[in-house]
Structures are given as structure tokens and as C-alpha cells.
Amino acid sequence: MTVMHLEPLRGLEAIGRQTKRWSMKIVSSTLGCVRNVCRVITYIGAEINSRNDEMSVTSGITFRGSVWDVWSAGFMKGILWSLTGIGIPVAVSVLFRWIARNLDFPDGTRLTLRLSALHLYPAIGVAFVLDVAPRLFPEASDGSTFWFPAVYLLVAPFIYGACGWFVGRKIFEGLKGSDGTGFAFTASPVACGLWTVGLALSFLSLVWWPWVLARYFRWFATKIRNDKKAFAFNGKGFDLLWRGLLVAIGFGLVVPAIWVNIWIQRWFFSQITVSEK
């Protein structure tokens, strides 16, 4: 009687042992697959990084700026000036001079930038007026100022584009290479205005902005004139998409913003290839 009662228990024990062995095999196989996938991803990532590093060494621009530069006296002066509002052109000139002196071309050419804040006040002043203008013309209850929003939306992007064109022209006029060559920005104000409209629409779509931005950077690079060098931007829309999301998160968290800024600038300039004419 006792033996008959133990038989079902022994059967359950055997099933339990078999189930345990199968579970261990499944877990072991799953872990093996995960390890293999990780190895493949690591290998692909290493290959992509090595190719990017090789490309940046051979033809891309190297950005040498570091987080510690932000704590320098000159940079802190620019930050303090920006807080006053009226000193924003001073902060912009400090920023671009810092970027220029930290750029290395593949052939060893270094850059210097002579840019005065006084050169930037006209364009930045006009942009400031455009920001304030909508508040000066609130829509009346009878709709008498309804015309202003329509005109503003039609004209403002082109004026912003012209302001950007003016600032870009002044920056490239002040750039000098250690090889003795100068630079120029050959785009037109109208083209910059049209690109401003296109970029604004792409950002409103929330989908196409990385690809439009990549196309804009490629166009912008072709408008940089130098007697000895030609420039091209090789970044892709998908590269801008995921990096742009990380930058937004980093700046949203505030603390890592400085590190994120340095990281994205290093990648951006590494995507600008320089070739001899």
C-alpha cells in the first residue's frame, strides 16, 4: 500500500528533475545567445568607431575644446555678458573665437578669428526687434491688427535668415588659417532665408528635421570659400536624430549640458571633410 502511494510521488520527482534540466538548458542557451549578440554589437560598434576615427584623422576637422575651457576667465566673461542681454554679441564673439582656436585641419592648419562684438550688434539687434515686435502689436478685439501676424510670419523667417547670413559672413571674413589663407561665406541672404523657412517647417513636423538639417549642413559647407581647401559635410540624418535626442536630454538635465556640448561639437566637426583644391 505504501509502495503504491510512493509511485506517483516518484513520477512527479522525475518530471521535476527533467523540467529542471530543460530549464537549465533553456537558460544556458538564452545566455549564450545574449553573449553572442553582445559580441556582435560590440564588434560592429568597434568597427564603426574605428572607421569614424580613421575618417576624422585623415580628412575630418578635429575639435580640441574641453570642458575645462568653460571655466577660463574669457569664457566666464562671455557667460556673464550674455546674462545682461545687451552683451549677447560679446558672448557670441567669445564663443566663436574659442571654437576657432580649437580646430585642427588634417594638414595641421590652425585657425584664428578676429571678430569684434561691434560687428554683430546690427544683426543681433534686428533679431531682438523681431522677437519683441509681436508683443508690440497685440491683436485688437475688433481684429484691426489681424494683418500683423500674417505679415510677420511671411517676412520674419527671411529677416532671420538675412541676420544669420550677416553673422556668418562676418565670422568667415575674420577667419585666418596658419597657412596664410582667408575664408569667405558665399551664400546669399535670400538662400539663407529660404533655408530658415525649410528648417522651421521641418522642426514643426517633428519627423523630418534631422534629414533637412543634414542637407542644410551639406549646403552650408559648399558655401565656404578658401583658396586652397574645399569642405564637405558627411553627417547623415539618422546620426543627427539620435545625437540630437541625447543633446536635448543632456541640456534638459542641465548638469551634463557642458559635456554634451563638447561631445556633439567633436562629432560635428569630425564630419566636415577637408580636401585640397
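1. Is R64 buried, partly exposed or exposed? In this predicted model, R64 has a relative accessibility of 33% and therefore counts as partly exposed. The points below begin with confidence in the model, pass to helix α7 and the nonpolar core, and then return to R64 and its partners.

2. Confidence. The mean pLDDT of the protein chain is 78, and 72% of the residues reach at least 70. Among the elements of the chain, helix α1 (residues 2–58) has the lowest mean pLDDT, 55, while α7 has the highest, 94. The pLDDT falls below 50 over residues 53–58, a stretch that nevertheless makes eight contacts in the model beyond near neighbours in sequence. Where pLDDT is low, the predicted coordinates should not be read in detail.

3. Geometry of helix α7. This helix covers residues 209–222, which is 14 residues. At 1.5 Å a residue the expected span is 20 Å, and the end C-alpha atoms lie 20 Å apart, so the model agrees with the expectation.

4. Packing of helix α7. Its buried residues are W209, P210, L213, A214, Y216, F217, W219 and A221. These buried residues pack against three helices, α6 (189–205), α8 (237–252) and α9 (257–270), and against two strands, β6 (224–226) and β7 (229–233).

5. Nonpolar core. In soluble globular proteins, nonpolar side chains tend to be buried together. The largest nonpolar core of this model contains 45 residues, and F183 and F231 have the most contacts inside it. Helix α7 supplies the largest share of this core, namely seven residues.

6. Surroundings of F231. With residues up to four places away in sequence left out, F231 touches F105, F183, A221, T222, I224, N226, I272, T273 and V274. Among these neighbours is F183, the other residue named for the most contacts inside the core. A221 is also a neighbour of F231, and A221 belongs to the buried residues of α7.

7. Cysteines. The count of disulfides is zero. C163 is buried, because its relative accessible area of 10% is under 20%. C192 likewise counts as buried, at 10% relative accessibility.

8. Salt bridges at D104. Side chains of opposite charge can pair when their charged atoms come close. The structure holds six salt bridges. One of them joins D104 to R64, with the closest N and O atoms 2.8 Å apart. This pair links distant parts of the chain, 40 residues apart: D104 sits in strand β2 (residues 103–104), and R64 in the loop between β1 (62–63) and α2 (73–83). D104 also forms a salt bridge with R110, where the closest N and O atoms are 2.6 Å apart. As for accessibility, D104 is buried, with a relative accessible area of 17%, whereas R110 is partly exposed at 37%.

9. A salt bridge within helix α8. D239 and R243 form a salt bridge whose closest N and O atoms are 3.8 Å apart. The two residues are four apart in helix α8, so about one helical turn separates them. D239 counts as partly exposed at 22% relative accessibility, while R243 is buried, with a relative accessible area of 10%. Elsewhere, salt bridges that share partners join R64, D104 and R110 into one network.

Key:
Residues numbered from 1 in each chain as written. Predicted model: local features only at pLDDT ≥ 70, side-chain atom pairs only at ≥ 80, totals over all residues. Heavy atoms only, no water. Expected span 1.5 Å × (residues − 1). Buried < 20%, exposed > 50% of the residue type's maximum accessible area, 1.4 Å probe, protein only. Contact = heavy atoms within 4.5 Å. Disulfide = S-S within 2.5 Å. Core = buried A, V, L, I, M, F, W, Y, C linked by side-chain atoms within 4.5 Å. Salt bridge = Lys/Arg side-chain N within 4 Å of Asp/Glu carboxyl O. pLDDT = per-residue confidence, 0-100.
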